[in-house]
Amino acid sequence: MYDALRTEYRLSCPVRGEIGVTLSAFRQLERLPGAAHPAVYRIVFDCSCGGQHDGLVSHDDLDWAPLGLSAGSFVDLVTRRDAEVGEELADHAASRIRAGEWPWSFFCYPEGRPRAAFPSSFFLLAPGSRDAYGLAVRCPSCESTSINLVSQPHVDLPFHNDAEIGVVEHVFHADAERAVEEFRVELASSRFDARRLEL
Ligand SMILES: [Zn+2]
Ligand SMILES: [Zn+2]
């Protein structure tokens with residue numbers, strides 16, 4: 001479940017019950033085998049209780065709910081009537097996408113160019129230095145893995161794309177476990193090269 005007004009996923013904490021979790025608090029995303037309609041992702045997230053938990057998020061919630069495509073209704077306090085916030089957000093998102101804006105983007109290092117992506121292409125995320133986040137993305141076009149260093153809003157807010165992002169000059173292993181190890185090593189190093197995302 002996703003709360004489009006707060007840009008948070010609703011997940012459960014064994015200590016605090018249902019809580020709001022931003023995309024930038026996700027640490028690992030993994031598509032579960034089987035269950036294709038919709039696909040389900042296992043999420044490991046950092047919780048406000050200080051712990052780290054697992055949660056399940058459907059593909060629709062992961063990629064489409066942040067664009068307002070299943071936000072439900074809310075009470076419009078000005079007009080005092082129920083308004084479909086989902087519809088309004090979805091119309092807004094659709095017109096921006098038609099205008100050529102990308103909800104999320106990253107720099108594909110092997111291809112040497114920026115690419116559009118969705119959260120389901122993200123698979124590892126970790127806080128780095130100076131308020132930046134290290135983000136491992138599996139490219140939807142060439143399927144290789146790139147690591148970018150981006151701001152928190154770049155991750156959490158659809159259509160907020162950093163003008164400049166960091167790119168690790170390294171081609172990662174296709175093997176997920178080795179990629180996790182390499183990701184940790186690269187994040188700890190300072191070999192990030194600033195690249196412009198020209199959108
Ligand atoms: Zn917790
Ligand atoms: Zn690519």
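Let's walk through this structure, from the whole chain down to its two zinc ions and one serine. Keep in mind that you're looking at a predicted model.

Start with the big picture. The chain has 199 residues, and 44% of them are buried. Along the way it forms four helices and 15 strands. If you take the contacts between residues with a separation of 6 or more, 47% of them join residues that sit 24 or more positions apart. As for the outside, the accessible surface adds up to about 10,600 Å², and carbon and sulfur atoms account for 49% of that.

Now find the zinc ion called ligand 1. Who holds it? Three cysteines and a histidine do the job: Cys 13, Cys 47 and Cys 49 each offer their SG atom, while His 53 uses NE2, with distances of 2.1 to 2.3 Å. Read along the chain, these donors follow the spacing C-x33-C-x1-C-x3-H. The angles among the four donor atoms run from 106 to 117°, and the site is tetrahedral. For reference, the ideal angle for four tetrahedral donors is 109.5 degrees. Two of the residues holding this ion, Cys 47 and His 53, are buried.

Next, hop over to the zinc ion called ligand 2. Here the donors are SG atoms from Cys 108, Cys 139 and Cys 142, plus an OE atom from Glu 111, at 2.0 to 2.3 Å. The spacing this time reads C-x2-E-x27-C-x2-C. Take Cys 108 and Cys 142 as a pair: they're 34 residues apart and link distant parts of the chain. Cys 108 belongs to strand E9 (residues 104-108), whereas Cys 142 lies in the loop between strand E12 (132-138) and strand E13 (145-151). Is Cys 108 buried or exposed? Its relative accessible area is 0%, so Cys 108 counts as buried. Cys 142, on the other hand, is partly exposed, because its relative accessibility is 32%. What shape does this site have? With angles of 103 to 119° among its four donor atoms, the site of ligand 2 is tetrahedral.

Finally, have a look at Ser 24. You'll find Ser 24 in the loop between strand E3 (17-21) and strand E4 (26-36). Even though that's a loop, Ser 24 has a relative accessible area of 2%, so it is buried. What is Ser 24 in contact with? Setting aside neighbours within four places in sequence, Ser 24 is in contact with Leu 125, Tyr 133, Gln 152, Val 155 and Asp 156.

Key: Residues numbered from 1 in each chain as written. Chains lettered and ligands numbered in written order. Predicted model: local features only at pLDDT ≥ 70, side-chain atom pairs only at ≥ 80, totals over all residues. Heavy atoms only, no water. Donors = N, O, S within 2.8 Å, 3.2 Å for Na, K, Ca; no water. Tetrahedral: all angles 85-135°; square planar, octahedral: opposite > 155°, others 65-115°. Helix = DSSP H or I, 4+ residues; strand = E, 2+ residues; numbered from the N terminus. Buried < 20%, exposed > 50% of the residue type's maximum accessible area, 1.4 Å probe, protein only. Contact = heavy atoms within 4.5 Å. Areas by Shrake-Rupley, 256 points an atom, 1.4 Å probe, with all protein chains shown as cover.
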